[in-house]
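Here's a quick tour of a protein model, one topic at a time. Have the structure open while you read.

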Amino acid sequence: MKTVLRSNDPCWCGSGRKYKRCHKLSDEPVRPGNVSPRRSVPTSIVHPDYAEGGVPGSGSTSAIQKPEVIERMRRAGRMAAEVLALAAAEVAPGVTTEHIDEVVHEACIERGVYPSTLGYKGYPKSCCTSVNEVICHGIPDDRALRDGDIINIDVTVFVDGVHGDTSATYPVGEIAPESQELIDATREATWLGIRAVQPERPIGDIGKSIAGFVEPMGYGVVRVFGGHGIGERFHTSLHIPHYYEPRADTLLKPNMVFTVEPMITMGSYHHRVWPDAWTAVTTDLKRTAQFEHTVVVTKTGAEVLTLPPESR
Ligand SMILES: [Zn+2]
């Protein structure tokens, strides 16, 4: 609908203003902005091993975690969700993604936690902010959010030696109905994926459930990026496809901990990466949304470690 609007047509939002003077700005492709210098974390906060050199160390990559590790991850998950909620409260037209990053960074330091993305493989910021056609790994910069944008904020924290990882997609001001539908479908798909988690069932069940819901609606499911095992390391070797992959036959086991984080697209699920080597965008520049939780497999299903403060 939006794509056929011409500059002088009335805007889709019903404001009565011409499209070019209203929401056209938020339909333009996202461009790289200026990235501010790296923020520091006090040495009193325990840093992950990659914080200086950028390279995660070797060590156990098992996705099955000991109960005492899971107990620490409950706290990390809660903290990540709290920080995400604070960041989300800042989302508004005119606010830069740089500001959101600053809020995330300061909220982490206040809690004595390290923002896991900072320095990870050279990543320069304390969260990821992925706007409109950015699938994931958008770097906060001086671009101001525009009325009609959608933004995913992805927060991971490191505390007590473990990581907690969560993200959500938010509307900026008034968004087009099709953008709201994408966000709602992606949130629902994430929960369907989480509900598909059952011990002794194959990992492929998760993507089967997600794709089975969104693909009939005409959406795409990003294949290149998936969920990941998580624990004392930010990413363990376990990979969770969000599309249906019948060969993903690894069985889910109690105490496995991983993320479910489907990236759902309005058009193509193919991506390209900006010259910054991080920002992944859809090849057709159509919008994409994502939600993410860290979950642990229980004897009967999944426990979500990153529930937002209001829904606990
Ligand atoms: Zn408008």
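What follows is a look at a buried strand, a small sheet and a pair of helices. Keep in mind that this is a predicted model.

**Strand 4 and its partners**
- 10 of the 10 residues of strand 4 (residues 150–159) are buried, so the rest of the structure largely encloses this strand.
- In a regular strand, side chains alternate between the two faces of the sheet.
- Strand 4 is covered on both faces: Ile150, Asn152, Asp154, Thr156 and Phe158 are buried on one side, and Ile151, Ile153, Val155, Val157 and Val159 on the other.
- Strand 5 (residues 162–171) pairs with strand 4 in the antiparallel sense through 10 bridges, and Val155 has Thr166 as its bridge partner there.
- Those two strands make a hairpin with 2 residues between them, and Asp160 in the turn has a positive phi of about 55°.
- Strand 2 (residues 128–131) is also antiparallel to strand 4, with 4 bridges; Thr129 sits opposite Ile153.

**A three-stranded sheet**
- Here 3 strands line up in the order 6-10-13 as an open, antiparallel sheet.
- Strand 6 (220–221) and strand 13 (288–290) are at the edges with a single partner strand each, so one side of each has no neighbour in the sheet.
- Strand 10 (residues 263–265) pairs with strand 13 over 3 bridges, and Met263 is matched with Gln290.

**Two packed helices**
- Helix 3 (residues 177–195) packs against helix 4 (residues 204–214) at about 150°, with the axes 8 Å apart.
- That angle makes the two helices roughly antiparallel, and their crossing is right-handed.
- The contact's residues split into 7 nonpolar, 2 polar and 1 charged.

Terms used
Residues are numbered from 1 along each chain as its sequence is written. This is a predicted model: local features need pLDDT of at least 70, side-chain atom pairs count only at pLDDT 80 or more; totals for chains, interfaces and linings use all residues. Two strands pair if DSSP finds at least two bridges between them. Axes are lines fitted to C-alpha atoms, for helices over the stretch in contact, and angles run from 0 to 180 degrees between N-to-C directions. Angles under 35 degrees count as roughly parallel, over 145 as roughly antiparallel, 65 to 115 as roughly perpendicular and the rest as oblique. A crossing is left-handed if the near helix is turned anticlockwise from the far one by less than a right angle, and right-handed if clockwise. Ala, Val, Leu, Ile, Met, Phe, Trp, Tyr, Cys and Pro count as nonpolar, Asp, Glu, Lys and Arg as charged, and the others, Gly among them, as polar. A residue is buried if 20 or more other C-beta atoms lie within 10 Å of its own, exposed if 12 or fewer, and partly exposed in between; C-beta atoms are placed from the backbone.
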